Amino acid sequence: MNINSIKTTIKGDFTGGLTAAIIALPMALAFGLQSGLGAEYGLYTAIILAIIASLIAGTKTLISDPTGPMTIVAATIIASAGFANNPETAWPTIIATFALAGLFQIVFGFVKVAQYVKYISYPVLSGFMGGIGIIIILFQWHSFFGNDRPGGILEIIGDIHNPILSPNSSSLILGCSTLALIYLIPLLSKKIPAGLIALIIGTLISLLLEPGTFSIIGEIPSSLPEFEGSKLSNFNFDDLSSVIVGALTLAGLGTIDTLLTSVVADNVTKTKHNGNRELVGQGLGNFVSALFGGIPGAGSTTGTVANIKSNGTSNISGIIKGVILMIVLLGLGQYLKNVPIPVLSALLISVGIGIIDFKGMKRLIKIKNSDTLVLILVIILTVFADLLVAVGVGMVLSSFFF
């Protein structure tokens with residue numbers, strides 16, 4: 001490779017990493033907030049996981065971030081640990097679960113689990129992603145209208161009409177303007193980062209509204225994340241069984257999420273990824289991230305495609321993305337505290353809508369055969385039961401009908 005080629009590669013990787021960082025910033029804050037830990041913890045993941053996974057790089061152009069499916073499971077684990085009421089008691093359980101999930105992913109890589117993901121059928125994947133999208137939308141429904149979320153899925157569905165009947169006017173203005181920007185900006189130019197622009201404009205609009213009439217993120221440290229691993233010394237071994245179950249769920253979900261993104265990267269770049277190597281990188285990244293309080297993450301399809309289309313060609317782009325977000329954290333952390341929660345809710349609702357496979361689901365429902373049954377059952381189980389149970393039952397039924 002000559003000097004000009006090296007310069008072109010580095011330039012492309014920098015552009016790709018910068019683009020991925022711009023896209024990741026609002027999403028990391030939103031997923032961190034949705035997890036229940038706080039916006040900054042999503043940002044920690046977007047930095048640490050991206051850098052470590054890119055160093056090992058089983059998929060050269062893959063970008064790692066907090067993702068919708070992983071955040072939904074993480075939020076359930078955080079809530080079950082009682083973080084909202086007693087953070088100090090909950091931290092050891094949360095860190096242990098997230099760190100163990102990373103170790104399980106490393107084991108999955110060494111035992112070559114990647115080769116089996118291809119056996120998950122399309123109706124199962126479509127139903128699974130549809131269910132995840134519905135959960136994300138439901139979880140943000142009340143925040144979008146400026147109301148308090150009542151509890152779990154059943155409570156949210158039972159109370160779904162109240163936010164519409166009694167919305168907070170300031171929250172509604174912020175949420176609707178953010179959603180409008182997210183969908184209108186790409187019509188003008190797909191090169192403009194709609195999520196980031198919507199975040200900035202939504203925050204600026206909030207300055208024109210009466211203070212205190214809507215919620216904001218609140219304080220975000222303008223420093224590197226602190227090491228939280230020492231809190232494991234207070235871990236209660238009575239919680240070990242629930243920690244193992246939660247960790248396996250996250251590891252399995254992260255494996256599926258990441259390897260599907262790797263396949264997308266292969267299709268765009270016409271290359272072939274090393275799935276098992278990628279799992280080791282993701283596992284190590286999630287393990288280290290957990291020790292600094294980060295939420296679990298996986299390969300991000302949006303960030304990966306943006307990286308590739310911005311000329312990112314190697315794992316350097318993922319490292320650059322993490323470094324750029326670290327600079328943002330250190331330099332702009334004090335300003336991020338003013339981002340309104342309805343703006344982040346609108347961003348997440350758009351993510352939920354984007355995750356749902358409307359075309360595939362419409363086609364599968366229209367054909368009215370066993371695939372339709374699998375699709376509907378997986379959606380119901382994903383929303384009302386458990387994500388991995390939904391995938392497992394869907395795979396068994398698909399195999400039986402096949």
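What share of the 402 residues in the chain is buried? In this predicted model, buried residues come to 54% of the total. The overall dimensions fit that picture of a globule: a compact one of 402 residues would have a radius of gyration near 21 Å, and the chain, at 20 Å, agrees. Along the principal axes, the C-alpha trace spans about 55 × 55 × 50 Å.

As for secondary structure, the chain holds 17 helices and just two strands. Turning to contacts, those with a separation of 6 or more are mostly long-range affairs, with 83% of them joining residues 24 or more positions apart. On the outside, the accessible surface adds up to about 18000 Å², and carbon and sulfur atoms own 67% of that. Charge is spread over 20 positive and 19 negative sites, whose mean positions sit 19 Å apart.

Among the helices, α10 covers residues 240-269, which makes 30 residues. From first C-alpha to last, α10 reaches 42 Å, close to the 44 Å expected at 1.5 Å a residue. Just past the end of α10 comes Lys270, with a positive phi of about 60 degrees.

Another spot to look at is Asn307, part of helix α12 (residues 301-309). Asn307 has a relative accessible area of 0%, so it counts as buried. Leaving out residues up to four places away in sequence, Asn307 touches Gly16, Gly17, Thr61 and Ile63, along with Gly312 and Ser317. Ala265 lies 42 residues from Asn307 in sequence, and the two C-alpha atoms are 9.8 Å apart in space.

Key. Residues are numbered from 1 along each chain as its sequence is written. This is a predicted model: local features need pLDDT of at least 70, side-chain atom pairs count only at pLDDT 80 or more; totals for chains, interfaces and linings use all residues. Side-chain values use heavy atoms; hydrogens and water are left out. Helices (H or I, at least four residues) and strands (E, at least two) are DSSP runs, numbered from the N terminus. The radius of gyration is taken over C-alpha atoms; the globule rule is 2.2 Å times the number of residues to the power 0.38. Buried means under 20% relative accessible area, exposed over 50%, partly exposed in between (1.4 Å probe, protein chains only). Contact means heavy atoms within 4.5 Å. Accessible areas come from the Shrake-Rupley method with a 1.4 Å probe; for residues, only the protein chains shown count as cover. Lys and Arg count as positive and Asp and Glu as negative; His and the chain ends are not counted. The place of a charge is taken as NZ of Lys, CZ of Arg, CG of Asp or CD of Glu. The expected span of a helix is 1.5 Å times one less than its number of residues.
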